Amino acid sequence: MTFLDVLGIIALCATLWASFHLIAGYVAQRLPLDWLARQPIIGASYAWERGGRCYEWLGIRVWKDHLPEAGGLLRNGFSKRRLASAEPDYLDRFARETSRAEFGHWLTWALALTFFLWTPWQMGLFMVVYGGLVNLPFILIQRYNRARLRRFIARSTRRSARAD
């Protein structure tokens with residue numbers, strides 16, 4: 001295999017990964033938000049996540065803002081870079097949109113399995129591991145933000161109920 005062959009394979013893989021991200025984003029954007037938010041795993045926050053605190057031992061507060069956020073790039077997309085409001089409806093939408101983003105990253109990772117169809121199994125395995133390394137931080141960010149938002153919404157609802 002020549003150097004140019006290797007460069008061609010690298011270029012093809014890079015193009016496929018970019019395509020996988022676009023396809024997953026497109027699919028996630030077209031799925032109903034309420035349906036996504038009701039799905040187990042991607043729509044829920046679990047007790048073991050302790051309101052997002054379980055991710056803090058990974059230093060997520062330090063690195064999460066340094067990763068790109070592409071939710072606002074798609075038509076009708078929702079940017080999750082910063083909170084734009086403290087209104088309950090907005091916070092609830094933001095929390096549900098984290099389910100859409102998480103689904104997109106799970107789907108992108110799952111598309112790595114297609115490498116097994118046309119590459120040696122070692123390359124397929126490498127691409128699945130690569131897909132995990134690239135997508136897992138984004139999945140963790142969505143889970144962290146959703147859990148924190150749900151905790152904040154619940155606290156705000158309790159305060160509002162006491163004030164009435």
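Is Phe3 exposed or buried? In this predicted model, Phe3 has a relative accessibility of 61% and therefore counts as exposed, the cut-off being over 50%. Phe3 belongs to helix H1, which covers residues 3-30. The residue also contributes to a nonpolar surface patch of about 760 Å², together with Met1, Leu4, Val6, Leu7, Ile9 and Ile10.

Moving along the chain, the loop between helix H2 (33-38) and helix H3 (60-63) is home to Ile41. Although Ile41 is not a glycine, its phi is positive, at about 70 degrees. Ile41 counts as exposed because its relative accessibility is 52%. Arg50 is found in the loop between H2 and H3 as well, and here too a residue that is not a glycine has a positive phi, in this case about 50 degrees. With a relative accessibility of 47%, Arg50 counts as partly exposed.

Helix H5 invites a closer look. The helix runs over residues 121-163, a total of 43 residues. From its first C-alpha to its last, H5 reaches 61 Å, which is close to the 63 Å expected at 1.5 Å a residue. The helix nevertheless bends by about 35 degrees at Asn135, and a proline, Pro137, follows within four residues.

Salt bridges come next, and the structure holds 11 of them. One of these joins Arg61 to Glu56, with the closest N and O atoms 3.1 Å apart. Arg61 counts as exposed, since its relative accessibility is 53%, whereas Glu56, at 28%, counts as partly exposed.

A rather different setting is provided by Glu102, which is buried, as its relative accessible area is 0%. Glu102 forms a salt bridge with Arg146, the closest N and O atoms lying 2.4 Å apart. Because Glu102 lies in helix H4 and Arg146 in helix H5, this pair ties together parts that are 44 residues apart in sequence. Arg146 counts as buried, given its relative accessibility of 1%. Glu102 also forms a salt bridge with Arg143, where the closest N and O atoms are 3.1 Å apart. This pair, too, links distant parts of the chain, with Glu102 in helix H4 (residues 88-111) and Arg143 in helix H5, 41 residues apart. Arg143 is buried, with a relative accessible area of 6%, and so falls under the 20% cut-off.

Finally, a network of salt bridges links Asp34, Asp92, Arg96 and Arg150.

Methods
Residues numbered from 1 in each chain as written. Predicted model: local features only at pLDDT ≥ 70, side-chain atom pairs only at ≥ 80, totals over all residues. Heavy atoms only, no water. Helix = DSSP H or I, 4+ residues; strand = E, 2+ residues; numbered from the N terminus. Expected span 1.5 Å × (residues − 1). Bend = angle between axes of the 7 residues up to and from the residue. Patch = residues over 30% accessible without salt bridge, like charges linked within 9 Å, V, L, I, M, F, W, Y side chains within 5 Å. Areas by Shrake-Rupley, 256 points an atom, 1.4 Å probe, with all protein chains shown as cover. Salt bridge = Lys/Arg side-chain N within 4 Å of Asp/Glu carboxyl O. Buried < 20%, exposed > 50% of the residue type's maximum accessible area, 1.4 Å probe, protein only.
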